[in-house]
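I opened this model to look at how the helices pack and how the chains meet. My notes follow, in the order I went.

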There are 2 protein chains.
Amino acid sequence: MSLLTVGTVAFDTIETPYGRADQVIGGACTYISWAASYFTDQIHLVSIVGDDFPDEELQALTNRGVNLDGLEKVAGGKSFFWAGRYHNNMNSRDTLATELNVLADFNPVIPEAARSSKFVMLGNLTPAVQMQVLKQLDGTQQLIALDTMNFWMDIAMEELREVIACVDLLTINDEEARQLSGEHSLVSAARVIHSMGPRYLVIKKGEHGALLFSDEDIFFAPALPLSRVFDPTGAGDTFAGGMMGYLAKTNDTGIENMKRAIIAGSVLASFCVEDFSLNKLKALSQSDINERLEKFRKMMHFDLIYT
Amino acid sequence: MSLLTVGTVAFDTIETPYGRADQVIGGACTYISWAASYFTDQIHLVSIVGDDFPDEELQALTNRGVNLDGLEKVAGGKSFFWAGRYHNNMNSRDTLATELNVLADFNPVIPEAARSSKFVMLGNLTPAVQMQVLKQLDGTQQLIALDTMNFWMDIAMEELREVIACVDLLTINDEEARQLSGEHSLVSAARVIHSMGPRYLVIKKGEHGALLFSDEDIFFAPALPLSRVFDPTGAGDTFAGGMMGYLAKTNDTGIENMKRAIIAGSVLASFCVEDFSLNKLKALSQSDINERLEKFRKMMHFDLIYT
């Protein structure tokens, strides 16, 4: 099945305790597409860049099966840019610069062929822009997932709730789940968020893993403990891309397959953080992925013996 | 197999956002023994109390198969007392009072019959006192576990390292693992701590679960997400008690059984936090425990499908 992803394609400048990367490739859509490309080659990417964005990066995406018909290139424009600095523990970061550039005028037009995509991943964007995308879909979608952040809860809660009401899966972090629901307990928060619309909720906890809530079930995927987390930028988008790519490949949104999709996302995210930008993510083999899937199985599997 | 546990038996006064409990039963040894008693009735408890400690609480422990020959009662003495207040998020707390009372003169004497216990759980105490216990053991132990905290790393690191060198399993939280090892990554921290002696390391992360490290393997047990965490006091000791009780019952310290023991500990801890003191922990049935074991299985199990 095909996957449509809408979001940023951008440049990042990153400082971590391990070093600095200037003006490297970033953006939610970029991470989502690369991660998903390990599971499916039917990907439609809808985004906007300036003419400063390197052609070879776009060619590399095309080579992975990513259709760029929905990528708008603005002549004379500059691509979206974000700069951030991570603290020693890698769990918190300061934003040093956000330059919207061409993103300020992003009016996504979904190509005809992409409007019937069975799986849709909306990266973090203004809720009004996310809604514009939803209105262009043909209504035959199997699963629509939405990523967002506290910033939109602070300044555009009403529009955000409208778009949340239209999706099947919401991905946010634990503090955002608490802010959105007004509940401290994540179990109670999930109940409130289900009542807003989405049948699935994924709560991302960074180094502490991710929780999947359906109405009835809870599933937990740990983050793989690593000797060195080099750069967490893009890990959440990579997680979402791996998950959605796996769903598009398997075309099954039942709870047991959702669990496998969450693991697939966690596996891809574990590679993402091992280097700056997409460096590690671009160079994976199928056996790299399978080996790490096996690590997750060993880390989580136990034989149940009742007392 | 029998289990020896040495640590505090105490009173706590607890304030949480949900209420206050004055002068209720607490202490590491109390939580450890109650939790372990759901798996084995061969438990030796070694601790010290004043004559203010209620007889019916001791009788309740005896009824669960806990041998109190090693419990010293000091006539005219007052039992150890701790008071604390939890913040809104339940992840951090302030200590309002610590009164050592009879604990200041605790010189544990291990009863003859307990010296050959195959499993030993040393609750958090002065490292010198923990070492005193180890010197009284007959050397036939299958697994000795040690709990400690940052306080001893700050003021008695040398003695602490001596006692850590003598045990098979160390339980600490993530920040303590970083402090003890000087490494930020928990994978690197585990490597350093293995080189100090223990073949197993359990890193407790509270609401984020627990990690088990052996030389070769990593296993992760999530904490069960709950609608309401009422009072986290004793959860770490309850986890350790459930784990050690399960090991004493099954007499197998191989990695696959260690995984099951970690789950058993996580199940018991999930009950502990649902009420003040030992209120919930004292009233469990075998089917309560089995139902929750099944919840953990559903929360962690996925069918691996290679890509």
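**Entry 1: α8 and α9 in chain A**

I started with helix α8 (residues 235-250) of chain A and helix α9 (residues 255-272) of chain A, which pack at an angle of about 140° with their axes 7 Å apart. Keep in mind that this is a predicted model. Angles over 145 degrees would count as roughly antiparallel and 65 to 115 as roughly perpendicular, and therefore α8(A) and α9(A) are oblique to each other. I also noted the hand: α8(A) and α9(A) make a right-handed crossing.

Which residues make the contact? On the α8(A) side I listed Ala235(A), Thr238(A), Phe239(A), Ala240(A), Gly241(A), Gly242(A), Met243(A), Tyr246(A), Leu247(A) and Thr250(A). From α9(A) I picked out several, including Asn257(A), Arg260(A), Ala261(A), Gly265(A), Leu268(A) and Cys272(A). Sorted by class, the residues of this α8(A)-α9(A) contact come out as 13 nonpolar, seven polar and one charged.

**Entry 2: chain A overall**

Next I stepped back to the whole chain. I find 10 helices and 13 strands in chain A. The C-alpha trace of chain A spans about 70 × 40 × 35 Å along its principal axes. I then checked the radius of gyration: chain A has 18 Å, which agrees with the value near 19 Å for a compact globule, given its 307 residues.

**Entry 3: chain B on chain A**

How does chain B relate to chain A? I can lay chain B on chain A with an RMSD of 0.0 Å, using a turn of 180° and a shift of 0.0 Å along the axis. That is the relation of a two-fold axis.

Then I went to the interface. I get 38 residues of chain B in contact with 38 residues of chain A. The elements of chain B that each supply at least two residues to the side touching chain A are α7 (186-195), β13 (218-221), α9 and α10 (286-300). Which of them gives the most? That is α10(B), with eight residues. By class, the side of chain B that touches chain A holds 20 nonpolar, nine polar and nine charged residues.

I also asked whether the copies use matching or differing surfaces: 100% of the interface residues of chain B are also interface residues in chain A, so the copies meet through the same surface.

**Entry 4: helix packing in chain B**

I looked up the α8 and α9 pair in chain B as well. Helix α8 (residues 235-250) of chain B packs on helix α9 (residues 255-272) of chain B at an angle of about 140°, and their axes are 7 Å apart. That makes α8(B) oblique to α9(B). The crossing of α8(B) past α9(B) is right-handed. I count 13 nonpolar, seven polar and one charged residues in the contact of α8(B) with α9(B).

Last, I followed α9(B) to α10(B). The angle here is about 115°, with the axes 10 Å apart. That makes α9(B) roughly perpendicular to α10(B). α9(B) passes α10(B) in a right-handed crossing. Ile263(B), Ser266(B), Val267(B) and Ser270(B) of α9(B) make the contact with Ile289(B), Arg292(B), Leu293(B) and Phe296(B) of α10(B). The residues of this α9(B)-α10(B) contact split into five nonpolar, two polar and one charged.

One link I jotted down: Ser266(B) and Val267(B) of α9(B) are among the residues that meet α8(B), and Ser266(B) and Val267(B) are also in the contact with α10(B).

Methods: Residues are numbered from 1 along each chain as its sequence is written. Chains are lettered from A and ligands numbered from 1 in the order in which they are written. This is a predicted model: local features need pLDDT of at least 70, side-chain atom pairs count only at pLDDT 80 or more; totals for chains, interfaces and linings use all residues. Axes are lines fitted to C-alpha atoms, for helices over the stretch in contact, and angles run from 0 to 180 degrees between N-to-C directions. Helices (H or I, at least four residues) and strands (E, at least two) are DSSP runs, numbered from the N terminus. Angles under 35 degrees count as roughly parallel, over 145 as roughly antiparallel, 65 to 115 as roughly perpendicular and the rest as oblique. A crossing is left-handed if the near helix is turned anticlockwise from the far one by less than a right angle, and right-handed if clockwise. Two residues are in contact if their C-beta atoms, placed from the backbone, lie within 7 Å. Ala, Val, Leu, Ile, Met, Phe, Trp, Tyr, Cys and Pro count as nonpolar, Asp, Glu, Lys and Arg as charged, and the others, Gly among them, as polar. Copies are superposed by least squares on the C-alpha atoms of residues with pLDDT of at least 70 in both. The radius of gyration is taken over C-alpha atoms; the globule rule is 2.2 Å times the number of residues to the power 0.38.
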